[in-house]
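Colleague: I would like to go through this model with you, strand by strand and bond by bond. Shall we start once it is on the screen?

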Amino acid sequence: MLTRNCLSLLLWVLFDGGLLTPLQPQPQQTLATEPTENVLHLPGRRSHFQRVKRGWVWNQFFVLEEYMGSEPQYVGKLHSDLDKGEGTVKYTLSGDGAGTVFTIDETTGDIHAIRSLDREEKPFYTLRAQAVDIETRKPLEPESEFIIKVQDINDNEPKFLDGPYVASVPEMSPVGAYVLQVKATDADDPTYGNSARVVYSILQGQPYFSIDPKTGVIRTALPNMDREVKEQYQVLIQAKDMGGQLGGLAGTTIVNITLTDVNDNPPRFPKSIFHLKVPESSPIGSAIGRIRAVDPDFGQNAEIEYNIVPGDGGNLFDIVTDEDTQEGVIKLKKPLDFETKKAYTFKVEASNLHIDHRFHSAGPFKDTATVKISVLDIDEPPVFSKPLYTMEVYEDTPVGTIIGAVTAQDLDVGSSAVRYFIDWKNDGDSYFTIDGTEGTIATNELLDRESTAQYNFSIIASKVSNPLLSSKVNILINVLDVNEFPPEISVPYETAVCENAKPGQIIQIVSAADRDLSPAGQQFSFRLSPEAAVKPNFTVRDFRNNTAGIETRRNGYSRRQQELYFLPVVIEDSSYPVQSSTNTMTIRVCRCDSDGTILSCNVEAIFLPVGLSTGALIAILLCIVILLAIVVLYVALRRQKKKDTLMTSKEDIRDNVIHYDDEGGGEEDTQAFDIGALRNPKVIEENKLRRDIKPDSLCLPRQRPPVEDNTDIRDFINQRLQENDVDPTAPPYDSLATYAYEGNGSVADSLSSIDSLTTEADQDYDYLADWGPRFKVLADMFGEEESYNPDKVT
């Protein structure tokens, strides 16, 4: 009784002091059935209600889940001190599940659960209760909030939400090596009883693994578990609630455990000797066989490296690892020859690339096997004695001369005869022939080194027994030079000498060129020809370095005496047979200043010695042309001032009356009609010479026969004159002027320059010399020219 009173007092303090909130779960307790005085504060209100005397009777704060009784489950009772049992108080219930899960008797205040509840679905319900006056409908008590908790029962088994599990552990691990931790979840209330207390155990998987019953940690239970013996393990784990006691519910899951590989096994060859057969025609670098060492490990622990142990055949073969199959691929490093060696033997070592030092004590992680290779004989093509044949022949060698030979042999057992052919690819191959049996090469045409200095072609050798088996070799033939061309002087062939040159002066350096292929150390010699060595004006000085200088022998030269000199130079080469030639150099005399700079020379001599560039030569020529054009234009203007131009209107055209704008034969140029009627009768009678035609100086003046008057033309002209005189629209022409000749009858005198007294020969160009030294050349060109004999020699 004392205990219940204390609990009632505690609840009053909690509610009246505002220490409880609507959604806080209520502690498990039993309140006194006797009325107590307390002040109830509604949730969310800040002011206190007036203290009233009331009493709540709580018979039960909890309701069992999964209740299976036939009657509604009694939850508790509401009662107010204002309720005197007279039926004037009405109790109401609202909140979670009111009317659907929980019902209240409005008169007595009894609360019942009308259906079975599941704590895992909803662990508690928050309700509000109130007492009102039946007649006035006014609340007798403030609305109060309370919580009904669903009391748990063990109705849920543990479940592995993450199962099934997959785990791995290295093979050869020690006992107790961590594998995995599993966890089971029980939906029952962990705070009430043992319904949610889970214990783990192994139902399948012993004795290899163990599990901690409280934490669910799985560990290895046996030492040195070998992946190569067994790799996959399936372990069945059970989780049981109620602390594993009888009556508890259980759940299971599967854990698939894989042993991961470690390098605990060395590679081993399945046999100690491997036999391989290889054709001797196998190309270099080709794979000729495969061997394999077996390693039961997996992944990189099974990677194998193969090496050939130094010994017989070790330098002829090589071995590499196939990364996909881990096989040793034997490759050929050098060509095989059955006729030289028929078999090879060597050892191959296989070892792991990734070593685990924990297992070194087990022994070396390598193995050795012997490889025997037998070379198979293959019918092979003939083999030339050389990979390349080089031959030489002189260009004047007669047709049919043998210049060399090739040799090919059949190295197979029971060798066959060999036939030779030239591989015809172009016309150049026809210069040579080959003997099909002996393999000798001979000329087929005359060779010319200057045309083709080298020939390159191929020769094919094939077996007589099997023509399809053939080999090819390149032939390189160099055509040797025969000294058949004499040396010639290199440009320039012309040079110049100043009028004020001194004796012993070098005026030009010359060199020689030879169309022959000069051998090493070829030397050219220069000298003056014997016929010119007598009293020479010039001589040749040989510098002994394939060049020579043209040297003067006189003290000054005169253009007026002789403008050109011809110097014959003899050049010899040093080849066999010795060839020589005589080359004539032209030396032109020019006027120079004191420094030796050329001032005046003919057109050719101006530019040759000074070594001007092409652009400078073009510029100088253009200047000369412009100067000449100015002079010619000036002369033409002077002549034009002496003449008056007779203008004839192009619009004054009358029928067949023809006018002339040029100088020529005049009226004699037309044959449209007899123009004799238009001639001046006085002129006809005087029979004077025409001035438009220059008469020959040795011939007498010709007498022109008189021309009879043509009345038809006269009548035609008179008729046209009369028509124009009476025509008011005709132009105001008063007269018709005709010209039958050029001369006294023309106001402008003669329009032709044929009989002009002034000619180019009469023109005086001496004034050009006064214009300075730059116009001295023009003065010399238009003045009197000195005659010279171009055939004169030194």
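Colleague: How many bridges join strand β13 to strand β14?

Modeller: Keep in mind that this is a predicted model. Strand β13 covers residues 232-240 and strand β14 covers residues 250-260, and they run antiparallel. Within this pair, Gln-238 stands opposite Thr-252 in β14. The number of bridges joining the two strands is nine.

Colleague: Which strands stand at the edges of the open sheet of four strands?

Modeller: The order in that sheet is β8-β14-β13-β10, with mixed pairing. A strand at the edge has a single partner strand, so one side of it is left without a neighbour in the sheet. That description fits β8 (165-170) and β10 (199-204).

Colleague: And by how many degrees are neighbouring strands of this sheet turned against each other on average?

Modeller: We are still with the open sheet of four strands in the order β8-β14-β13-β10. Taken on average and with direction ignored, the turn between its neighbouring strands is 35°.

Colleague: Let's move to the sheet of three strands. What is its order?

Modeller: This sheet is open, and its pairing is antiparallel. β16 (287-292) and β18 (317-321) are the edge strands, each pairing on one side only. Neighbouring strands here are turned by 25° against each other on average, direction ignored. Put together, the order is β16-β19-β18.

Colleague: Which residue of β19 does Ile-291 stand opposite?

Modeller: β16 pairs with strand β19, residues 327-332, in the antiparallel sense over five bridges. Across from Ile-291 in β19 is Gly-328.

Colleague: Which residues make up the covered face of strand β17?

Modeller: Strand β17 spans residues 304-309, and its uncovered face holds Glu-305, Asn-307 and Val-309. From that uncovered face, Asn-307 has Glu-349 in β20 as its bridge partner, and six bridges join β17 to strand β20 (residues 343-352) in an antiparallel run. The covered face is made up of Ile-304, Tyr-306 and Ile-308.

Colleague: How many residues does the largest nonpolar core have?

Modeller: Several strands feed into this core: β15 (273-279), β16, β17, β18, β19, β20 and β21 (366-376) each supply at least two residues. Those with the most contacts inside the core are Phe-269, Phe-317, Ile-330, Val-348 and Val-371. Leaving aside neighbours within four places in sequence, Val-371 is in contact with residues including Phe-274, Leu-276, Ile-291 and Ile-330. The size of this core is 25 residues.

Colleague: Now the disulfides. Is the one between Cys-498 and Cys-592 left-handed or right-handed?

Modeller: The S to S distance of this pair is 2.1 Å. Cys-498 in strand β32 (residues 494-498) and Cys-592 in strand β38 (residues 580-592) are 94 residues apart, so the disulfide links distant parts of the chain. The torsion about the S-S bond is about -85°, so the disulfide is left-handed.

Colleague: Are Cys-498 and Cys-592 buried or exposed?

Modeller: Buried means under 20% relative accessible area. Cys-498 is at 13% and Cys-592 at 11%, so both of these values call for the word buried.

Colleague: How many residues apart in sequence are the parts tied together by Cys-590 and Cys-601?

Modeller: A disulfide joins these two cysteines, with S to S at 1.8 Å. Cys-590 lies in strand β38, while Cys-601 is in the loop between β39 (598-600) and α2 (603-607). Both Cys-590 and Cys-601 are buried. The separation in sequence is eleven residues.

Colleague: What pattern do the disulfides of the protein chain follow?

Modeller: The structure holds two disulfides. With bonded cysteines counted along the chain, the pattern is 1-3, 2-4.

Colleague: One last topic, confidence. Which element of the protein chain has the lowest mean pLDDT?

Modeller: The protein chain averages a pLDDT of 76, and 74% of the residues score at least 70. Over residues 603-610 pLDDT stays under 50, and the model has 13 contacts beyond four places in sequence for them. Among the elements, strand β12 (residues 217-220) has the highest mean, 95. The lowest mean, 41, belongs to helix α1 (residues 2-16).

Notes: Residues numbered from 1 in each chain as written. Predicted model: local features only at pLDDT ≥ 70, side-chain atom pairs only at ≥ 80, totals over all residues. Heavy atoms only, no water. Pairing = 2+ DSSP bridges. Axes fitted to C-alpha atoms, helices over the stretch in contact; angles between N-to-C directions. Disulfide = S-S within 2.5 Å. Buried < 20%, exposed > 50% of the residue type's maximum accessible area, 1.4 Å probe, protein only. pLDDT = per-residue confidence, 0-100. Contact = heavy atoms within 4.5 Å. Core = buried A, V, L, I, M, F, W, Y, C linked by side-chain atoms within 4.5 Å.
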